[in-house]
Amino acid sequence: MRRGLAATTAVVLILEALVIAFVHVVLGLVVRNQSMSLAGLDSDVMAVGTFVGGALFGLFLIGCALVPARVALRGRPPGRFGQILLIVCAVLHGLLGALVVGLVGWAAFIFMMLVMALVVGTLVLFPDTEESGSAVTANGGEVPPPTAPAAA
């Protein structure tokens, strides 16, 4: 179940990245074809900014998707950097969910909260080996925690 959740999270984040990039391309083309100025800015500059913003956001989401994909393949929790990346991704989805409820509607809010739940589930369902008190050897076997020597 845990590996399936992580794999689902990775697929959903990749699909979201592709949709976000596509929406930004469409918005950039609309801005470029409008040939209108906003506070003196050139429409080509705004279009390029939209393209770059969409590409960066899409790359961020794909980077976030690599963490649960690796978790699904290895069956172990993400490392510290992966955990931080997934936490940032979950917080970002929470903030975007609060933003899109007013701009797009409740369906977009529900989608963002489902993606956030998948990301948080990937973080929570895999136990952290450092907190359990046992180390994992290179071959995957657990080594019991060290014990104090018996007093004579």
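Is Thr-50 buried or exposed? Thr-50 counts as buried, at 18% relative accessibility. The notes below take this predicted model point by point.

1. **Overall layout.** The protein has four helices and two strands. Along the sequence they follow the pattern α-α-α-α-β-β. So read from the start, the helices come before the strands.

2. **Surface and contacts.** The chain has 152 residues, and 28% of them are buried. The accessible surface comes to about 9800 Å². Carbon and sulfur atoms account for 73% of that surface. Now take the contacts between residues at least 6 apart in sequence. Of these, 62% join residues at least 24 apart.

3. **Thr-50.** Back to the opening residue. Thr-50 sits in helix 2, which covers residues 43-74. Leave out residues up to four places away in sequence, and Thr-50 touches His-24, Leu-27 and Gly-28. Its relative accessibility is 18%, and the limit for "buried" is under 20%, so Thr-50 falls on the buried side.

4. **The salt bridge.** The count here is one salt bridge. Its partners are Arg-32 and Asp-44, whose side chains meet at 3.7 Å, N to O. The pair links distant parts of the chain. Arg-32 belongs to helix 1 and Asp-44 to helix 2, 12 residues apart. How exposed are the two partners? Arg-32 is partly exposed, at 33% relative accessibility. Asp-44 is partly exposed too, at 38%.

5. **The nonpolar patch.** Look next for a nonpolar patch on the surface, of about 540 Å². Its members are Val-11, Ile-14, Leu-15, Leu-18, Ile-62 and Leu-66. Helix 1 (2-34) and helix 2 each give two or more residues to this patch. Helix 1 gives the most, with four. Ile-62 is a member worth finding in the model, and its place is in helix 2. Ile-62 is partly exposed, at 33% relative accessibility. A patch residue needs over 30%, so Ile-62 meets that cut-off.

6. **The cysteines.** How many disulfides does a search of the whole structure find? The search finds zero. Why is Cys-64 not bonded to Cys-89? The closest cysteine sulfur to that of Cys-64 is in Cys-89, 3.8 Å away, and this is too far for a bond. The cut-off for a disulfide is within 2.5 Å. Cys-89 is likewise in no disulfide, and its nearest cysteine sulfur is that of Cys-64. Both residues are hidden from the surface probe. Cys-64 is buried, at 0% relative accessibility. Cys-89 is buried as well, with a relative accessible area of 0%.

7. **The aromatic pair.** The count of aromatic pairs is one. Trp-106 and Phe-109 form it, with 5.4 Å from centre to centre. The angle between their planes is 85 degrees, and the pair is edge-to-face. Edge-to-face needs over 60 degrees, so the label follows from the angle. Both residues lie in helix 4, which covers residues 106-125. They are three residues apart, so about one helical turn separates them. Their exposure can be read off in turn. Trp-106 is exposed, with a relative accessible area of 60%. Phe-109 is partly exposed, with 24%.

Technical notes. Residues numbered from 1 in each chain as written. Predicted model: local features only at pLDDT ≥ 70, side-chain atom pairs only at ≥ 80, totals over all residues. Heavy atoms only, no water. Buried < 20%, exposed > 50% of the residue type's maximum accessible area, 1.4 Å probe, protein only. Phe/Tyr/Trp six-rings, centres within 6.5 Å; stacked < 30°, edge-to-face > 60°. Contact = heavy atoms within 4.5 Å. Patch = residues over 30% accessible without salt bridge, like charges linked within 9 Å, V, L, I, M, F, W, Y side chains within 5 Å. Areas by Shrake-Rupley, 256 points an atom, 1.4 Å probe, with all protein chains shown as cover. Salt bridge = Lys/Arg side-chain N within 4 Å of Asp/Glu carboxyl O.
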